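Reader: Hey, I just opened this one and I'm new to it. Can you walk me through what's in there?

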Amino acid sequence: MDATPGTVDAEEAHVPNPADRSTLTLYVNGTARTLTLDHRTTLLDALREHLGLTGAKKGCDHGQCGACTVLVDGRRANSCLLLAVSHEDAHVTTVEGLAEGDRLHPLQTAFLERDALQCGYCTPGQICSAVGMLREAEDGFPSHATPRRALAGGGPAPLGADEIRERMSGNLCRCGAYPHIVDAIEDVAP
């Protein structure tokens, strides 16, 4: 059967065009990883489908739930919204890269001790977000809940329960483990 001029048959439609792919290097959990990816590949899909790092979850795929949160160059980010090819040479830390050998990151330990999870689907994103949030507060970045007088002297932003809830508001827990999540973060906060 001949194709109509100007149309593409089904076989041709699935052949990847080399011009639609780029080779890039990401430093994932401290290791250089070189990948050749379709330009449309998100950082989340690169991590999960191409590198086998399944800690970051695909929840909403719209940047609204935080299940895909990872650290990119030390800052928390929704990996479902980031195109991998636009992050050449970026340092990406996933929940798998937070531990040092067999020793868990203090937030991972606090989540376990405080039973700050139920189904566990959102937990990797919650933990990565909390790591980034603690760094932001330590660097003096305010949130909507930060009292102005607390920032007047410079230095770290104070982290009480209200401040933690505000800063973690982009990470949803469908099981409702929020009180334990806040307790776990308070245990680690300076």
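Author: Sure. Keep in mind that this is a predicted model. A good place to begin is the largest nonpolar core, which has 26 residues. L107, F111 and I185 touch the most other members of that core.

Reader: Which helices supply at least two residues each to this core?

Author: α3 (106-113), α4 (123-138) and α7 (178-188) each do. α4 gives the most, with 7 residues.

Reader: And F111, what does it touch?

Author: Setting aside residues up to four places away in sequence, F111 touches A116, L117, T123, Q126, I127, I181, A184 and I185.

Reader: OK, and is there another core, or what else lies apart from that one?

Author: There's another core of 21 residues lying apart from it, and its members include V28, L43, A46 and L51.

Reader: Back to Q126 for a sec. Is Q126 buried or exposed?

Author: Q126 sits in helix α4 and counts as buried, at 2% relative accessibility. Its side chain reaches the backbone oxygen of N171 at 3.4 Å. Leaving out neighbours within four places in sequence, Q126 is in contact with F111, M168, N171, L172, C173 and I181.

Reader: Switching topic: how many salt bridges does the structure hold?

Author: It holds 9 salt bridges. One of them joins D45 and K58, with the closest N and O atoms 2.9 Å apart. D45 is in helix α2 (residues 43-50) and K58 is in the loop between α2 and β3 (69-72), so this pair ties together parts that are 13 residues apart in sequence.

Reader: Are those two buried or exposed?

Author: In between: D45 is partly exposed at 21% relative accessible area, and K58 counts as partly exposed at 32%.

Reader: What about E136, which residue does it form a salt bridge with?

Author: E136 pairs with R76, and their closest N and O atoms are 3.0 Å apart. E136 lies in helix α4 and R76 in strand β4 (residues 75-78), so the salt bridge ties together parts that are 60 residues apart in sequence. E136 is buried, with a relative accessible area of 13%, while R76 is partly exposed at 24%.

Reader: And R165 with D162, where do they lie?

Author: Both are in helix α6 (residues 161-167), 3 residues apart, which is about one turn of the helix. Their side chains meet in a salt bridge at 2.5 Å, N to O. R165 is partly exposed at 45% relative accessible area, whereas D162 counts as exposed at 54%.

Reader: Which residues do salt bridges that share partners join into one network?

Author: D45, K58 and D61 are joined into one network that way.

Reader: Now the sheet. What order do its strands have?

Author: It's an open sheet of 5 strands in the order β2-β1-β5-β3-β4, with mixed pairing. β2 (31-38) and β4 stand at the edges with a single partner strand each, so one side of each has no neighbour in the sheet. From one strand to the next, the twist averages 40°.

Reader: In which sense do β3 and β4 pair?

Author: They're antiparallel, over 4 bridges. T69, for example, has N78 in β4 as its bridge partner.

Reader: Last one: which strands do α2 and α4 lie across?

Author: α2 lies across β1 (21-28), β2, β3 and β5 (91-93), running at about 105° to β2. α4 lies across β3, β4 and β5, at about 40° to β3.

Technical notes. Residues are numbered from 1 along each chain as its sequence is written. This is a predicted model: local features need pLDDT of at least 70, side-chain atom pairs count only at pLDDT 80 or more; totals for chains, interfaces and linings use all residues. Side-chain values use heavy atoms; hydrogens and water are left out. A nonpolar core is a set of buried Ala, Val, Leu, Ile, Met, Phe, Trp, Tyr and Cys residues joined through side-chain atoms within 4.5 Å. Buried means under 20% relative accessible area, exposed over 50%, partly exposed in between (1.4 Å probe, protein chains only). Contact means heavy atoms within 4.5 Å. A salt bridge is a side-chain nitrogen of Lys or Arg within 4 Å of a carboxyl oxygen of Asp or Glu. A polar contact is a pair of N or O atoms within 3.5 Å; within protein, one must be able to donate a hydrogen and the other to accept it, and residues adjacent in sequence count only if both atoms are side-chain atoms. Two strands pair if DSSP finds at least two bridges between them. Axes are lines fitted to C-alpha atoms, for helices over the stretch in contact, and angles run from 0 to 180 degrees between N-to-C directions.
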